[in-house]
Structure formats: structure tokens, C-alpha cells
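This report is written for a reader who meets this structure for the first time. Please keep the sequence and the model in view while reading.

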Amino acid sequence: MMNVEEEVERLKEEIRRLGREQDDGSVKVTFGVLFNDDRCANIFEALVGTLRAAKRRKVLTYDGELLLQGVHDNVEIVLKPSPPAAAAAT
């Protein structure tokens, strides 16, 4: 079983794969796209829990607390831009 940090990193990869990069470097994807993706379904036992963990770590943002399939399919999940590599190293 993956630990939470690993799951959050995998989630970031999947959002980058499925989402659209914005001008500011963030990546947007809707909950429905993530939830209905076969690869995500195979990776994440509890996608909603992983999203909440990532939100608590300020890795991404979305409106609301608990996302429900169907009801919240159009909610945008925004992966915040990664800090530039040089800044992260200091």
C-alpha cells in the first residue's frame, strides 16, 4: 500500500496527464474526468481521500470539502504550479 505522500505525487502526475495547463502553470481537470478515468480507478483506492490529503497539503484546490461522483463531476480541481526547480533547491 502506498503512503499518503506517494499517493499525492501520483495524483499530481494523473492531473497533469488528464488536465489542461493554464497560463500560470497550474493544471485544471474536472472531478468527473479524474473519477471516470480507468487508470486513476486502478491507482487510487480512495480518490476522494487522496484529493482531500492533497488539498490539506496545499498542492491543489477545489470548491467544497467532499466530492461526490455524479453530483460534483463538473467541479474543477486546480493543481497549483510547481515551484521552479532552482527555487525548490534553495
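The sections below describe strand pairing and then salt bridges in this predicted model.

## Strands β1 and β2

Strand β1 covers residues 20–21 and is joined to β2 by two bridges, the two strands running antiparallel. Within this pairing, E21 has V27 of β2 as its bridge partner. The two strands form a hairpin, with five residues lying between them. In the turn, G25 has a positive phi of about 95°.

Strand β2 spans residues 27–30 and has two faces. V27 and V29 make up the covered face, whereas K28 and T30 lie on the uncovered one. V27, the bridge partner of E21, therefore belongs to the covered face by the division just given.

## Strands β2 and β4

Strand β2 also pairs with β4, which comprises residues 76–79. Four bridges connect β2 and β4, and the sense of the pairing is antiparallel. T30, on the uncovered face of β2, has E76 of β4 as its bridge partner.

## A salt bridge between distant parts of the sequence

Side chains of opposite charge can pair when their charged atoms come close. The count of salt bridges in the model comes to eight.

One of these joins the side chains of E5 and R57, with an N to O distance of 2.9 Å. E5 lies in helix α1 (residues 4–18), while R57 lies in the loop between α4 (47–56) and β3 (60–61), so the pair ties together parts that are 52 residues apart in sequence. E5 counts as partly exposed because its relative accessibility is 47%. R57 is likewise partly exposed, with a relative accessible area of 36%.

## Salt bridges within helix α1

E9 and K12 form a salt bridge whose closest N and O atoms are 3.1 Å apart. Both residues lie in helix α1, three residues apart, which is about one turn of the helix. E9 is partly exposed, at a relative accessible area of 41%, whereas K12 is buried, at 15%.

The side chains of E14 and R17 also meet in a salt bridge, at 2.6 Å from N to O. Because E14 and R17 are three residues apart in helix α1, about one helical turn separates them. E14 counts as buried, at 1% relative accessibility, and R17 is partly exposed, at 36% relative accessible area. E14 and R17 are further linked with D37 and R39 in a network of salt bridges.

How values were computed. Residues are numbered from 1 along each chain as its sequence is written. This is a predicted model: local features need pLDDT of at least 70, side-chain atom pairs count only at pLDDT 80 or more; totals for chains, interfaces and linings use all residues. Side-chain values use heavy atoms; hydrogens and water are left out. Buried means under 20% relative accessible area, exposed over 50%, partly exposed in between (1.4 Å probe, protein chains only). Two strands pair if DSSP finds at least two bridges between them. A salt bridge is a side-chain nitrogen of Lys or Arg within 4 Å of a carboxyl oxygen of Asp or Glu.
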